[in-house]
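Student: I have a model open and want to learn how to read its strands and its core. Where do I begin?

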Amino acid sequence: MNKIPNGKGFTLIELLVVVAIIGILSAVAIPQFSAYRINAFNSAALSDIKNTKTAEESLFYGNQTYGWSEVNVLLSTVVGTGGTGKILTGPVPPASVVAGAALAGKNTAGSPIGVGIGISNNVVLVASTIAANTTVVYVLVAKHTAGTRVYAAESASTYVNYVQSDAWSGIPLSAATGTPASGVPPTATSTPSIISGITSGGGVPYARWQAL
């Protein structure tokens with residue numbers, strides 16, 4: 001008669017140990033992965049607001065004026081009237097020969113000027129100014145929809161400020177007031193009010209605007 005070979009398998013204890021190890025690794029890895037994703041989302045919004053701040057200063061250097069956010073425009077026809085800018089939701093390419101996003105304004109001679117700015121996927125950004133041809137102040141606000149930080153910058157400071165709440169993940173920036181955060185003026189004023197460590201932003205755990 002043929003003998004059936006003695007096969008060896010895993011014992012119940014060995015299986016339980018493997019399952020326990022997989023559970024421990026999952027408990028550690030999944031939260032870390034989620035944190036990495038949130039950091040990436042926040043970094044995208046931070047990068048966009050920094051690039052927009054650089055574009056504002058470049059616009060001022062050549063024209064002595066700042067611009068407000070416009071969308072679906074060409075640089076050849078862009079005109080900024082000042083006030084609360086248009087809400088830009090990425091992805092939006094920089095305006096050039098193709099309609100896209102731009103900072104628009106008027107120089108001291110009253111001629112329309114502008115510079116193209118790109119907006120990353122799911123980042124919402126608003127640039128506000130005072131008026132069309134007397135603009136010496138701007139306020140920027142940005143947030144990635146899936147991020148947890150709202151960023152803000154102004155012409156009066158070289159800093160980018162932020163306020164943070166874990167509950168803001170999935171909430172888009174819905175207005176130039178900085179919603180879901182608070183403390184950012186709806187339009188730029190001659191005395192910008194984004195003050196690091198003083199102006200409350202309503203976040204948790206970072207309730208006050210922090211300077212980066």
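**Reading the sheet and the core**

Tutor: Begin with strand pairing, and keep in mind that this model is predicted. E5 (123-129) and E6 (138-144) run antiparallel, joined by 7 bridges. In that pairing, Leu125 lies opposite Ala142 in E6.

Student: Which strand pairs with E5 over 2 bridges?

Tutor: That is E2, residues 88-89, and the sense is antiparallel. Look for two facing pairs. Leu88 stands opposite Leu125 in E5, and Thr89 stands opposite Val124.

Student: What is the order of strands in the open sheet?

Tutor: Read E2-E5-E6-E7-E8-E9, 6 strands with antiparallel pairing. E2 and E9 (205-211) are the edge strands, each pairing on one side only.

Student: How do I read the two faces of a strand?

Tutor: In a regular strand, side chains alternate between the two faces of the sheet. Now take E5. One side carries Val123, Leu125, Ala127 and Thr129. The other carries Val124, Val126 and Ser128.

Student: Are those faces of E5 buried or exposed?

Tutor: Both are covered, and every residue just named is buried. The count for E5 is 7 of 7.

Student: Which residues touch the most other members of the largest nonpolar core?

Tutor: Ile49, Ile117, Ile119 and Tyr151, in a core of 24 residues. Next, ask which elements supply it. Helix H1 (12-63) and strands E3 (100-106), E5, E6, E7 (149-154) and E8 (160-165) each give at least two residues. H1 contributes the most, with 6.

Student: What does Ile119 contact, beyond its neighbours within four places in sequence?

Tutor: Its contacts are Asp48, Leu88, Thr89, Gly90, Pro91, Val92, Ala101 and Leu125. You have met three of these already: Leu88 and Leu125 face each other across E2 and E5, and Thr89 stands opposite Val124. There is also a second, separate core of 11 residues, with Ala152, Val163, Trp168 and Val184 among them.

Student: Now a loop residue. Where is Val78?

Tutor: In the loop between E1 (68-73) and E2.

Student: Why does Val78 count as buried?

Tutor: Because its relative accessible area is 3%, and buried means under 20%.

Student: Which residues does Val78 touch, leaving out those up to four places away in sequence?

Tutor: Glu70, Val73, Ala102, Ala104, Pro112, Ile113 and Gly114. Check a distance as well. Val78 and Gly105 are 27 residues apart in sequence, yet 8.0 Å apart in space, C-alpha to C-alpha.

Conventions
Residues are numbered from 1 along each chain as its sequence is written. This is a predicted model: local features need pLDDT of at least 70, side-chain atom pairs count only at pLDDT 80 or more; totals for chains, interfaces and linings use all residues. Side-chain values use heavy atoms; hydrogens and water are left out. A nonpolar core is a set of buried Ala, Val, Leu, Ile, Met, Phe, Trp, Tyr and Cys residues joined through side-chain atoms within 4.5 Å. Buried means under 20% relative accessible area, exposed over 50%, partly exposed in between (1.4 Å probe, protein chains only). Helices (H or I, at least four residues) and strands (E, at least two) are DSSP runs, numbered from the N terminus. Contact means heavy atoms within 4.5 Å. Two strands pair if DSSP finds at least two bridges between them.
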